[in-house]
Amino acid sequence: MAKWSEIEKEQFSEVLVEWYEREKRELPWRENTEAYRVWVSEIMLQQTQVDTVIPYFERFMSLFPTMKDFAYAPEEQILKAWEGLGYYSRVRNLQTAIREVTEAYDGIVPQSKEAILSLKGVGPYTAGAILSIAYNQPEAAVDGNVYRVYSRLMRIDDDISKAKTRKVFEQAVNETISQDKPGAFNQALMDLGATICTPKNPKCDMCPVQKYCRASAENDIEKYPFKSKKLKTKQKYLVTAIIQSNDGRFLVQQRPSEGLLANLWMFPSIEEEKPVEDLVESYQAGVSMPLYLNNQSLGKVKHVFSHLKWDVEIITGVMDEADLIEGYRLVTLEEMKVLPFPVPYQKVGQLYLKTRSEL
């Protein structure tokens, strides 16, 4: 790892903050850096692109303008507002933590790093972002952008897939962070990584801090950051069915309260380790109620999670509402629209409606 002089560290932070104040992206959560808004935006931005988050954030603030509004909202309502963002444990943990702040801290997000880190779902990055942006405290906020920017600036070749590497980058940031404007400094790093110091084809000639970049000077930027190869993604095969009752309602089921996509709604499905040959036989064996199924596939949808791939085959059928058993519900199309469905099942529903409209 390359070393910087004290003068370089001071100059670097000044140049970076000046660039940010001149060129910063206009984002809704930057209009008002109250701690609650910063917190919500940072949780949304985990694993999600900025352009995707903007309309979700604006809608969320409209639905839950205060921490108290959000703390005591029904879970189904917050899951519906989050629908499509994925990683639903984020919003569940956020509600739990905000409820704790509402009750234990009189609705004021604590200004102590230790206290913030004790809240459910809050890690070092989120704590650093809140403390620096909302409370102007010089705390590092190390995310993927910071790994990339600092690994190139200082030619840090530690493996960023290892948890212990975070300490290396936190130390590097804390040694260079602006003491006067730490929030602007951390947001500058976010913008720099998102718009200039990108994973591929970085715009080095436009970089405001290129003269401090050791990798640029050595012409080996493509080597950074170093990350060991990920484990192979697991493949799952599902058969899901769109079942209608005699009165035209749709059969749905709520997922378990723990695990992947917990408490969200779905069209009843079965999971297999490999593709099934007889869709109806396999599906009927996994659903314990009388159903009348079409053996012909309506089509397939695919969905990729961070660790898992789903290949979903869709069939259709009908049932007698008198045969409904515990654990399932029959809902109208309008009722279905207010239930939170994860993205793969939204895709299933969209394919069904598209196919039906073409008949």
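## Pockets, a helix and some cysteines

The second largest pocket here has a volume of about 510 Å³. It is lined by 27 residues, and G86, Y87, Y88, L261 and F305 sit closest to its centre. Three elements each give two or more residues to that lining: α6 (89-104), β6 (299-304) and α15 (343-358). Helix α6 gives the most, with 4 residues. By class, the lining of this second pocket splits into 11 nonpolar, 13 polar and 3 charged residues. Bear in mind throughout that this is a predicted model.

Now for the largest pocket, which holds about 1,400 Å³ of space. Its lining runs to 41 residues, with L45, Q47, D143, G144 and N145 nearest the centre. The elements that put in two or more residues are α2 (35-45), α3 (50-63), α8 (124-134), α9 (144-153) and α11 (182-195). Of these, α9 supplies the largest share, 5 residues. The class split for the largest pocket is 16 nonpolar, 13 polar and 12 charged.

Here are the two volumes in one place:

| Pocket | Volume |
|---|---|
| Largest pocket | about 1,400 Å³ |
| Second largest pocket | about 510 Å³ |

Since α6 gives the most residues to the second largest pocket, that helix deserves a closer look. Does α6 have the span you'd calculate, or what do its ends say? At 1.5 Å a residue, its 16 residues should span 22 Å, and the end C-alpha atoms are 22 Å apart, so the two values agree. Buried positions in α6 are R90, V91, R92, L94, Q95, A97, I98, V101 and T102. Those buried residues pack against α2, α3, α4 (67-71) and α5 (75-82). Two of these partners, α2 and α3, are also among the elements that line the largest pocket. Just after α6, D106 takes a positive phi of about 55 degrees.

Next, the cysteines. How many disulfides does the count come to? The total is 0. For C204, the nearest cysteine sulfur belongs to C213 and is 6.4 Å away, so with a cut-off of 2.5 Å between sulfur atoms C204 is in no disulfide. C207 is in no disulfide either, its nearest cysteine sulfur being that of C197, 6.4 Å away. Are C204 and C207 buried or exposed, or somewhere in between? C204 counts as partly exposed because its relative accessibility is 23%, which is not under the 20% that buried requires. C207 comes in at 18%, so it counts as buried.

One lysine is worth a stop as well. K9 is found in helix α1 (residues 6-23). With a relative accessible area of 12%, K9 is buried. Leaving aside neighbours within four places in sequence, K9 is in contact with W4, E175 and T176.

Finally, the overall picture. The protein has 15 helices and 8 strands, and its C-alpha atoms fill a box of roughly 75 × 50 × 35 Å along the principal axes. Of its 359 residues, 49% are buried. If you take contacts between residues at least 6 apart in sequence, 69% of them join residues at least 24 apart.

Definitions and conventions: Residues numbered from 1 in each chain as written. Predicted model: local features only at pLDDT ≥ 70, side-chain atom pairs only at ≥ 80, totals over all residues. Heavy atoms only, no water. Buried < 20%, exposed > 50% of the residue type's maximum accessible area, 1.4 Å probe, protein only. Contact = heavy atoms within 4.5 Å. 1 Å grid on protein atoms, 1.4 Å probe; cavity = no way out; pocket = protein on both sides within 12 Å on 5 of 7 lines; lining within 4 Å. Points joined across faces, edges and corners; volume = space filled by probe spheres on them. Nonpolar A, V, L, I, M, F, W, Y, C, P; charged D, E, K, R; others polar. Expected span 1.5 Å × (residues − 1).
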